[in-house]
Amino acid sequence: MRRTVCVALLPVPLLLIALSACTRSAPANVAATVNGRPIVYADLEKQFQSSFSTPNERESDDQVEIQKLEVLRTLIDGEIMLQRAEKQGLMATDADVEAKFNELKAPYTQEEFQKQLNTRQMTVEDLKAKLRRDLSEAKLLNKEITSQINITDKDIGDFYNANKASFNLAEPQIHMAMIMVTPSADPNVRNLKNDKAQDEDGAKKKIDNIYARLRQGEDFAMLAQNYSEDPNNSSQNGGDLGFIPESALERANAELKKTIMALHPGEITGVLKTAEGYRILKVITREPAGQRELSDPKVQQTIRETLINRKDQLLKAAYYEVARNEAKVVNYFANRIVGSKEKK
């Protein structure tokens, strides 16, 4: 039997129309339920304060509600994944959480670490709860998606033959990745969390939050997939920008080139302010000029990683959609918004 599900899967205008048919009364203090498990307004508000700046005169009530709908959508997705991890016995253990917590804390003094938590408006308990969710979700996605991906030698050879010219470097190039946050929500931008800043203050807060997480050891590619707002949708490949000629960096910005040239492979820049918003760049490798042959292990590894990232991103995006379709979600907060508008 097909069930009617009230869930925030549509763009906001269509979402509000769809939800107008949902007339269930909301339990006290519950913003949404996922398979009967509540997401309370206190958690929504805490996540909202962490994700967006405090509302000011420039933000209308409607803008704030749109932001909270987006935050709630993220919390709903997280709860769906958590329940799936629980069902499959893939929840992170206390030992997993403590190990990751100590790993993140190790590079800092106690004062520095507390400052990082304050920047993200989190307590130690908040961070450990988030780590448990993130580690559990990572276990789930690894089991369901990443571990199932198989790239053959033929796949690598076919990719090389179709893109051989791109492995002939006319000048030294830098293989780079990027996380980008913009001050306006572009409807064409896609990331796994459907997370987009709405204004300048929100963009600055979001990029600072991401930078803090990178400094604490979180994976660059995963954060790019989840949160980057590159209009060219590099987030789909973990922020991978491919190989960029050194001369292109010089033409774009001499100071930027100087910053990037000072980095070793694996290192990241700080937060960079640009006309489009904010960026964090990562140097993956550096390559001298000349033709790269398929027999080069580095070429094979680059192709393998590219194909894995593409397939991983595609399958994860589809997995999220299937998981949402199969979950029973009621978004009481969205229902309340529709109800209040209809009464005016």
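Which residue in E7 is the bridge partner of glutamine 173? Glutamate 287 is the one, as the first view shows. Before the views, keep in mind that this is a predicted model, where local features need pLDDT of at least 70, side-chain atom pairs count only at pLDDT 80 or more, and totals for chains, interfaces and linings use all residues. Residues are numbered from 1 along each chain as its sequence is written, and side-chain values use heavy atoms, with hydrogens and water left out.

**View 1. An open sheet of four strands, in the order E5-E4-E7-E6.** The pairing here is antiparallel; two strands pair if DSSP finds at least two bridges between them. Strands (E, at least two residues) and helices (H or I, at least four) are DSSP runs, numbered from the N terminus. At the edges you'll find E5 (240-245) and E6 (272-274), each pairing on one side only. From one strand to the next, the twist averages 45°. Look at E4 (residues 173-181) and E7 (residues 277-287): nine bridges join them.

**View 2. Helices H9 and H11 meet the sheet.** H9 (residues 220-227) packs on the sheet and touches E4 and E7, where contact means heavy atoms within 4.5 Å. The direction of H9 makes about 45° with that of E4. H11 (residues 254-261) lies across E4, E6 and E7, at about 50° to E7. Axes are lines fitted to C-alpha atoms, for helices over the stretch in contact, and angles run from 0 to 180 degrees between N-to-C directions.

**View 3. Tyrosine 41 and phenylalanine 333, one of three aromatic pairs.** Rings of Phe, Tyr and Trp (its six-membered ring) pair if their centres lie within 6.5 Å; planes under 30 degrees apart are stacked, over 60 edge-to-face, and the rest tilted. This pair is edge-to-face, with 6.1 Å centre to centre and 85° between the planes. Tyrosine 41 sits in helix H2 (residues 41-51) and phenylalanine 333 in helix H13 (residues 332-342), 292 residues apart. Tyrosine 41 is partly exposed at 24% relative accessible area, while phenylalanine 333 is buried at 2% (buried is under 20%, exposed over 50%, partly exposed in between, with a 1.4 Å probe and protein chains only).

**View 4. Phenylalanine 101 and phenylalanine 113 form an edge-to-face pair.** Their ring centres are 5.6 Å apart, with the planes at 85°. Phenylalanine 101 is buried at 6% relative accessibility, and phenylalanine 113 is buried at 1%.
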